[in-house]
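Here's a quick briefing on how the nonpolar packing looks, and on how far to trust it. Have the structure open as you read.

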Amino acid sequence: MKIKIVLLLGFMFGSASAREATQQIDIPAGTFVPLMKNMDPIPVAAFRLDIHAVTNAEYLAFVNENPKWQRGNIPRILADEGYLRHWESPTHPGEQAPLNAPVTSVSWYAARAYAEWKGQRLPTLAEWEVAAAMLPEKITRQQILSWYAKPLTHPLPDTLSTQKTTVGVWDLHGLIWEWCEDYDSLALLSRAGSDETLSALFCGGAAAGAADPSDYAAFLRYAFRGSLSASHTVAGLGFRCASSPKEPTS
Amino acid sequence: MKKLILLPLLFTPILQASDACCSVAPPPETAPAYSDNSLFHLQASFLNTDGKEVKLADYEGKPFILAMFYATCPTVCPRLILDVHKIEAKFSEEEKTQLPVLLVSFDPETDTPANLKTFAKSWDMDTPRWQLWSGTAENARTLAAGLGIRYRKAPNGEISHSAPITLINAQGEIELQLAGPGVDSTPLVQQAKILLSTPSE
Amino acid sequence: MKHKLCIGSLYFLAVLLPLQSAELPVEKAKMTSPPHVPPAIERNHPAKVIVDMEVVEKVMRLADGVDYMFWTFGGTVPGTFIRVREGDQVEFNLHNHPDNKLPHNIDLHAVTGQGGGAEGSFTAPGHSSKFSFKALNPGLFVYHCATQPVGMHIANGMYGLILVEPLNGLSKVDKEFYVFQSEFYTEGAHGEEGLQPFSMDKAIKEQADYVVFNGSVGALTGDNALPVSKGETVRLFVGNGGPNLASSFHVIGEIFDWVYPEAGMMANRNVQTTTVPPGGAAMVEFTTDVPGTFIIVDHAIFRAFNKGALGMIKVTGEEDHEIYSGKILDSQYKTMVNTPDKPLLLPKTNTPQKELTMDESIKAGKVTYQATCMACHQANGLGIPGVFPPLAKSDFLFEDIDRAIGIVIHGKQGPIKVNGKDYNQVMTPQNITNEEISNVMNFILNSWGNEHPGKIDPAKVKQIRAK
């Protein structure tokens, strides 16, 4: 069994180095302040993040090299029946999934498998939020919120089509939702009316009350993540990859 | 009438249990023929207290009790472990040998195999029937996702987490889950006894 | 072996399921879209009732020219009306459409249990949830989405009514309707056209742009008026979703014979206006004694005149002059105060706007008409015979259009004859801008069969105002 795992790892690293990586940029260290009042701010070390979400073209390369992640080959526990449902066939994205549009309807397991294949990882929720908060001043909360006032388009727009953060990461708001490594780790508030149940289940105590009750878009993200299970696929939910800096910072 | 409709749902895993226990595990090179909802599909390996590499599918063919914890937890996890002890007390010695207990750590950084070995001793755990595993943060996250467990490590090292006790059947499927410590364990005990009474040879 | 399995499984069932639900007859819940109400429940025993509710996020009309991204229960605002019976075991299936962007859930005020079902129904897009509850208390209950941020989910249209009929049923009436008040907060001002996003700021400040019955301006007016024949008994199931504003629910020209305030089981008699709080409901009952158009309003009246809180019940049948005569006598009252020479209110000063084409002007005029004129002159421009003169095919209007513009500016009092009928009512001066008057005149002169090729410009209005 050990032998098998070693072989597998060798294979994965080999393929990752053979592929040209999506451009990643450095996100400076920061602090994520969770929406919940009684949670301590989370320090986030510098990391690297894809400048855009993983596209259908990129994901196609992944499933071509890893047939077990093709639609139809995945056990339900790793992705529900909506997995890549908008793709024309398991190996052909087709009209509803333009090559430069973000891949969606992928489960958390699938997103992670992709990241692993690239020798990378998913960003943590705190990393994602830190990156997403680096918005130019001209973008207001109301603008971010306005995305929810428009129906999901079919097909989705291409990546690099909305706005970018001050450090140059695109589409963190206004294109799709994105998986994070620990996507549901802050989902304590998500189930309205059930805070008591959750606080009973969570040691360390669950949160009630938000630090900033006017940040509606953040509420929506928290609630959305809280509704997910790792096998879920959603038409507007994709992902991007992250990595730690090559030279570990002290 | 309703009962008749519901019964097959409950029996399904049991019948599959008797099918699967008689088949030989497929060779690792081909895709294993686990059922759609089997946790054995999860790609996650761990280390046991002897430092040996292990994975969930090693349990294929027998039901087991599975919970996640971390050894330095000051509140919920001690209660969780006590509850598993109490559940065990409801089984005969013979039954117990058929129902291993697996505890997997959220916190591999602190819970090294050596630390967990000491921890098991301090709790009088019946090793090796009780297994304590740790591994990597990623693999703990993978297993937690499969079990629907949410957790978050605070900057001070304390981990907030849900703490279900899960009964896994011989196919690696979640047979029944108790929401957490303090919940009436009768349904889990009953269901485990049903699984155990299914002929294994 | 089989025997053993059965015993174990039955025990397991007994622990996890309410035993009696296994023995109840099963049926699909009776559900309808507003303003309709499912028929009364005939059975006299409890049942297991299955509700399938789909959550759909979709763009629909909020007012003419104004679209909004509604989040709906069942594709309508308010959501599908559910009717069950006290003691029923309700199996609730919430389906979140795959194209939706957001997770949703449902908190039914008819549920006894934590969160009213919110946790049991919390569902990601493209997924379904099932939970079950026993309808312990009879009454009319609001349901709504309770996903964070709750206010936004409610503000976007996620509410509706569930009726739990008491064991003995409700009294028999001829007509039942579903009327639901709520308000909307848009980024643009009232009437600003296009797809209007939700305004978080206005919602927090409780400054509603629209207050409406059944989800949009005009949902219960004109052709959508609730039809009733004279002599019929009517029951309105009235709900209020808010999110912020309590309703002073009133039907002009009717007295509620019975009101079940707060939709409880104790009735009050002979009520003019009843309060319906956000997240609350009321049942009102009345008999239609005379024909006419009975206007449903939130009697916090600016909401009715300026924000859309208008509905109509059209009662057809023979006049009964003993109950209501209409106007009998008109005579000169010597000390009557003269119509003021100048407008009571100064017109708003407004910045010059780009000149609209005829089509644009008519479109804009329609919005102004609905906010300002429709309450009296009606959506079809026919007015109310004997009370408010018609504008459709009106000889009085076309005889002298400048005079008509003057009436909009300065108001009008005293008898006039329109299309051969006498009218004697007061029209107050309208506090709207020259642009708005020109637009509304262009709309009036080119609607309901009216034709007037010449465009009225703001300059013309200004000129008449200056006279």
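The largest nonpolar core takes in 214 residues, and the ones with the most contacts inside it are Tyr59(A), Phe239(A), Leu236(C) and Phe249(C). Helix α3 (residues 108-117) of chain A chips in the largest share of this core, at eight residues. Keep in mind that this is a predicted model, with an ipTM of 0.79 and a pTM of 0.70.

**The cores**
- On the chain C side, the largest core pulls in at least three residues from domain 1 (23-171) and at least three from domain 2 (176-316).
- There's also a second, separate core of 28 residues, and Ile362(C), Ile401(C), Val408(C) and Ile437(C) are among its members.

**Around Tyr59(A)**
- Leaving aside residues up to four places away in sequence, Tyr59(A) touches the aromatic residues Tyr83(A), Trp87(A), Tyr114(A) and Phe239(A), among others.
- Its other partners on that count are Val54(A), Leu84(A), Val103(A), Val106(A) and Ala110(A).

**Confidence in chain C**
- Chain C has an average pLDDT of 88, with 90% of its residues scoring at least 70.
- Among the chain's elements, strand β11 (residues 175-184) of chain C has the highest mean pLDDT, 98, while helix α1 (residues 2-16) of chain C has the lowest, 37.
- Residues 1-19 of chain C have a pLDDT below 50, and the model gives this stretch 26 contacts beyond near neighbours in sequence.
- Residues 336-351 of chain C are also below 50, with 14 such contacts in the model.

Terms used
Residues numbered from 1 in each chain as written. Chains lettered and ligands numbered in written order. Predicted model: local features only at pLDDT ≥ 70, side-chain atom pairs only at ≥ 80, totals over all residues. Heavy atoms only, no water. Core = buried A, V, L, I, M, F, W, Y, C linked by side-chain atoms within 4.5 Å. Buried < 20%, exposed > 50% of the residue type's maximum accessible area, 1.4 Å probe, protein only. Helix = DSSP H or I, 4+ residues; strand = E, 2+ residues; numbered from the N terminus. Domains from an automatic or database assignment. Contact = heavy atoms within 4.5 Å. pLDDT = per-residue confidence, 0-100.
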